[in-house]
Amino acid sequence: MPETQPSLQLELQELLLVGAGAVPGALLRWQVALHLGDQNLLVNVLGAALLGLLAGLPAARRRQLLIGIGFCGSLTTFSSLMLAAMKHLSSGDWAAALGLIGLTLGLGLGAAALGFSLGRWFKPPEPPQSPT
């Protein structure tokens with residue numbers, strides 16, 4: 001019977017790829033917050049653009065694990081966005097909360113679409129055809 005479960009070695013390799021991407025993503029997120037303040041909009045739109053680019057490129061599982069899940073997963077954060085919106089709401093600033101959510105969704109979708117289009121534009125070169 002063929003093995004349908006990934007081997008432990010493969011799972012460990014994939015775990016290392018995700019972790020190797022997550023550390024720099026988290027460090028970049030921390031540095032953005034340290035130097036620019038809590039910039040949920042910036043990091044989420046940047047992450048959406050990068051994920052869109054990855055989605056537009058030819059499938060590559062290792063790249064997706066390293067950059068998509070690892071790096072972008074730790075760079076972007078839904079929970080921080082919601083917390084920032086909640087802080088605006090709790091202080092009665094509904095316009096700022098709705099603006100933050102609307103801008104993040106609108107710009108994030110646009111950035112993901114742009115990244116996806118760029119990824120589709122970068123096609124791998126076709127292998128040379130041998131005359132038969």
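In this predicted model, the buried residues of helix H4 are Leu81, Ala84 and Ala85. They sit on the same side of H4, because the arc they cover around the axis is only 95°. An α-helix has 3.6 residues a turn, so residues three or four places apart point the same way. Turn H4 around, and the face directed away from its buried side shows the exposed residues Ser79, Lys87 and Ser90. The helix itself counts 13 residues and spans 18 Å from its first C-alpha to its last, close to the 18 Å expected at 1.5 Å a residue.

H4 also takes part in the largest pocket, where it gives two or more residues to the lining, as do H2 and H5. This pocket has a volume of about 200 Å³ and is lined by 13 residues. Those nearest its centre are Asn44, Phe78, Leu81, Thr104 and Leu105. Leu81 is thus a name to look for twice: it is among the buried residues of H4 and among the pocket residues nearest the centre. Which helix provides the largest share of the lining? That is H5, with 5 residues. By character, the lining divides into 8 nonpolar and 5 polar residues, with no charged ones.

Finally, have a look at the aromatic rings. The structure holds 1 aromatic pair. Its members are Trp121 and Phe122, and the pair is edge-to-face because the planes stand at 65°, with the ring centres 5.0 Å apart. Their accessibility is set out here.

| Residue | Relative accessibility | Class |
|---|---|---|
| Trp121 | 64% | exposed |
| Phe122 | 45% | partly exposed |

Technical notes
Residues are numbered from 1 along each chain as its sequence is written. This is a predicted model: local features need pLDDT of at least 70, side-chain atom pairs count only at pLDDT 80 or more; totals for chains, interfaces and linings use all residues. Side-chain values use heavy atoms; hydrogens and water are left out. Rings of Phe, Tyr and Trp (its six-membered ring) pair if their centres lie within 6.5 Å; planes under 30 degrees apart count as stacked, over 60 as edge-to-face and the rest as tilted. Buried means under 20% relative accessible area, exposed over 50%, partly exposed in between (1.4 Å probe, protein chains only). On a 1 Å grid over the protein atoms alone, a cavity is a set of points where a 1.4 Å probe fits but cannot get out, and a pocket is an open set with protein on both sides within 12 Å along at least five of seven lines; lining residues have an atom within 4 Å of a point. Grid points are joined across faces, edges and corners, and a volume is the space filled by probe spheres set on the points. Helices (H or I, at least four residues) and strands (E, at least two) are DSSP runs, numbered from the N terminus. Ala, Val, Leu, Ile, Met, Phe, Trp, Tyr, Cys and Pro count as nonpolar, Asp, Glu, Lys and Arg as charged, and the others, Gly among them, as polar. The expected span of a helix is 1.5 Å times one less than its number of residues. The arc is that of the directions from the helix axis to the C-beta atoms.
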